Each structure stands twice: as C-alpha cells, then as structure tokens.
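Colleague: Could you take a close look at one part of this model, the way its helices pack, and work outward from a single residue? Please give the cut-offs behind the terms as you go.

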Amino acid sequence: EVVKFISCLSVILYQKKDIGLFYRSLKDEVFFQPMEILKLSVPSLLYTVQNNLLYYALSHLDAATFQVGYQVKILTTAVFSAIILGK
C-alpha cells in the first residue's frame, strides 16, 4: 500500500511538473473535499477490516474454506463500491 501511495504521488508530481502546483492540487483534492474522502475511506476501512479477519481465519480454517472466504472479499468490495458510488 505504501508503494501504491508513493507511486500515485509520483504520477501527480510528474503531471503537475511544479512542486507548488503539486501541493496546491493535493490541498484542493484532499482537504477541500471531505465528502469525497469519506466516500473513499468507508470502503477502504471495510476492506482493511476484512483483510485482517481473513488473516485471522487463515490460522483457524482449512485451505478450502479459507479460499471461499477470500473470494467473497472481491464480491463485497464490488457491492460496497457500487453502493457508495451510486452506480
């Protein structure tokens, strides 16, 4: 996740070509649009909780049962994304 974050920041910096525009863009997109951040943080928080529960389940379940649970993660991510984004 840290690598993805750094990669995204690098792409934005490359596109803006100026550190001042980069900071201004981040400020405008992140700090001045709290509802957009909230829309993104709810699914990401649920995804994080689900990942932690899956790792806990891995230590307590057999491989086949764990694999089914892991595949459900993809479905729930799609459903929550559709609900939050309204599509």
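**Helix packing**

Modeller: Leu-58 counts as partly exposed, because its relative accessibility is 43% (buried is under 20% relative accessible area, exposed over 50%, partly exposed in between, with a 1.4 Å probe and protein chains only). This is a predicted model, in which local features need pLDDT of at least 70 and side-chain atom pairs count only at pLDDT 80 or more, while totals for chains, interfaces and linings use all residues. Residues are numbered from 1 along each chain as its sequence is written, and side-chain values use heavy atoms, leaving out hydrogens and water.

Leu-58 belongs to helix 3, residues 34–58 (helices are DSSP runs of H or I with at least four residues, numbered from the N terminus). Helix 3 packs against helix 4, residues 63–85, at an angle of about 170° with the axes 10 Å apart; axes are lines fitted to C-alpha atoms over the stretch in contact, and angles run from 0 to 180 degrees between N-to-C directions. The two helices are therefore roughly antiparallel (angles over 145 degrees; under 35 is roughly parallel, 65 to 115 roughly perpendicular, the rest oblique). Among the contact residues, with heavy atoms within 4.5 Å, are Leu-54, Ala-57 and Leu-58 of helix 3 and Phe-66, Phe-80 and Ile-84 of helix 4. The contact of helix 3 with helix 4 divides into 12 nonpolar, five polar and two charged residues (Ala, Val, Leu, Ile, Met, Phe, Trp, Tyr, Cys and Pro count as nonpolar; Asp, Glu, Lys and Arg as charged; the others, Gly among them, as polar).

From Leu-58 to Ile-12 is 46 residues in sequence and 37 Å in space, C-alpha to C-alpha. Ile-12 is one of the helix 1 residues that meet helix 2, where the partners include Phe-22 and Leu-26. By class, that contact has seven nonpolar, one polar and one charged residues. The axes of helix 1 (residues 2–16) and helix 2 (residues 19–31) come within 8 Å and cross at roughly 125°, so the two helices are oblique to each other.

Phe-22 is buried, with a relative accessible area of 8%, whereas Tyr-23 is exposed at 52%. Their ring centres lie 5.6 Å apart and the planes are at 55°, so the pair is tilted (Phe, Tyr and Trp rings, the six-membered one for Trp, pair with centres within 6.5 Å; planes under 30 degrees apart are stacked, over 60 edge-to-face, the rest tilted).

Lys-17 sits in the loop between helix 1 and helix 2 and is exposed at 63% relative accessibility. Its phi is near 60°, a positive value in a residue other than glycine.
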